[in-house]
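Me: Could you take a close look at one part of this model with me? I'd like to go through its nonpolar interior.

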Amino acid sequence: MPKKKFAKKKLVLIVLAISALATYLLLNNKKHQLKPENFEMSQVTKGNLAYEVTATGTINPINTVTVGTQVSGIVEQVLADYNDDVKEGQVLALLDSSTLKEQMEKSEANYELAKAKESKAKLNYERIKKLYQDKLTSSASLEDAEIEYKESSANVLSAKADFNISKKNFEYATITSPVSGTVITKEIEQGQTVAASFSTPTLFEVAEDLSKMQIEASVSEADIGYIKPDMAATFTVDAYPNDKFLGEIRQVRLSPTEESNVVMYTVIIEIDNSSRKLLPGMTASVVIKAEEANDVLIISAMALQYKPSAAVKALMDVKKVGDIAENQDVVYLFEKGKIVPRVITKGLSDMTNIEVKEGLKLGEKVIVEANEPRRR
């Protein structure tokens with residue numbers, strides 16, 4: 001067979017094959033044409049949204065005062081126990097003060113002696129001064145008397161300081177509460193020896209007012225931008241799982257910490273504990289309603305996750321969408337047998353639903369999932 005005739009026949013066969021394939025695809029496409037029932041859809045509705053920040057934290061007293069001792073000694077009496085309510089100035093414990101008392105009495109005696117010597121030196125100085133004025137003694141004698149008087153006056157000041165120190169140390173043997181509150185920690189027992197060296201030993205911890213407490217909650221850097229002082233917060237504790245407690249944000253601390261490579265910030269939440277149900281150290285599960293949007297258009301957040309698959313694209317043309325802004329996204333609608341993309345402007349999201357500011361109307365339906373047809 002001539003080559004020219006063979007090539008012509010080959011070309012005809014190729015055209016016929018392409019035509020047959022096109023016919024098959026057209027028929028197959030009609031056979032598997034997509035229908036509304038091939039998709040799960042979500043209707044655009046109106047409703048309220050709230051973005052909530054969740055966190056955990058520890059309940060602590062607002063102000064806890066550590067009570068220590070500035071003197072060493074044996075604990076003679078312990079007059080306060082755990083959970084005792086105490087008043088400012090109330091005696092919590094007594095140390096053995098016998099040695100301290102003797103030191104105080106000795107320094108007091110030295111002080112009185114120094115004052116007596118000062119009086120004698122003063123009288124002598126005034127006598128010598130009069131004799132000098134009458135030209136009955138020398139200037140050297142006057143100078144010696146004046147120096148002796150000044151030295152005795154300085155000794156009085158020194159003895160007075162020693163007496164005051166020993167008196168204060170004697171008073172320190174009586175351990176009193178610096179504030180009114182509740183004893184939450186007791187670190188001493190009767191007969192125990194406490195030593196005050198470079199650091200003051202802790203004897204008690206007194207929580208100033210347990211009717212007002214605070215939560216130190218950890219909030220991630222992704223959510224901290226939503227948190228502002230005076231925002232309301234709710235929380236629960238394991239001890240009362242069916243009770244919801246209220247609080248108010250007082251402070252966002254600027255010093256960050258890092259937990260498992262996540263940057264966290266401490267948020268202080270003031271709480272009312274008039275009932276005394278909440279105890280120091282309890283773990284609180286906190287919910288902060290950071291932002292709200294009421295009576296707005298909303299759709300399921302799943303609609304933003306849906307993208308037409310290759311199988312769907314093979315069955316029908318899907319329009320391409322150009323560049324969109326950061327606050328925009330694309331959802332897909334099923335209209336007249338076609339998948340139609342729609343650019344929307346997003347608003348607030350609560351992770352389940354999302355606010356639609358522009359791009360959709362009330363009652364329209366968006367695709368959230370495809371039940372794609374099976375090819376035979």
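Which residues of the largest nonpolar core touch the most other members?

Reply: Happy to walk through that part; please keep in mind that this is a predicted model. The largest nonpolar core has 32 residues, and those touching the most other members are Ile 59, Ile 215, Phe 235, Ile 269 and Val 286. At least two residues of this core come from each of these strands: E2 (45–61), E11 (212–220), E12 (232–237), E13 (240–259), E14 (262–272) and E15 (283–300). The most is given by E15, with 7 residues. As background, nonpolar side chains tend to be buried together in soluble globular proteins.

Ile 59 is a good residue to zoom in on. Leaving aside residues up to four places away in sequence, its contacts include Ile 215 and Phe 235. Ile 59 also touches Met 213, Gln 214, Val 237 and Ile 271. Further along the chain, Leu 278, Leu 279, Pro 280, Gly 281, Met 282 and Ala 284 are contacts of Ile 59 as well.

There is also a second, separate core, made of 19 residues, among them Val 86, Leu 92, Val 179 and Val 206.

Leu 92 brings us to strand E6 (residues 91–95), which pairs with strand E4 (residues 73–78) in the antiparallel sense over 3 bridges. Within that pairing, Gln 77 has Leu 94 of E6 as its bridge partner. Both strands belong to an open sheet of 4 strands, ordered E7-E6-E4-E9 with antiparallel pairing. At its edges lie E7 (174–176) and E9 (193–194), each of which pairs on one side only.

Conventions: Residues are numbered from 1 along each chain as its sequence is written. This is a predicted model: local features need pLDDT of at least 70, side-chain atom pairs count only at pLDDT 80 or more; totals for chains, interfaces and linings use all residues. Side-chain values use heavy atoms; hydrogens and water are left out. A nonpolar core is a set of buried Ala, Val, Leu, Ile, Met, Phe, Trp, Tyr and Cys residues joined through side-chain atoms within 4.5 Å. Buried means under 20% relative accessible area, exposed over 50%, partly exposed in between (1.4 Å probe, protein chains only). Contact means heavy atoms within 4.5 Å. Two strands pair if DSSP finds at least two bridges between them.
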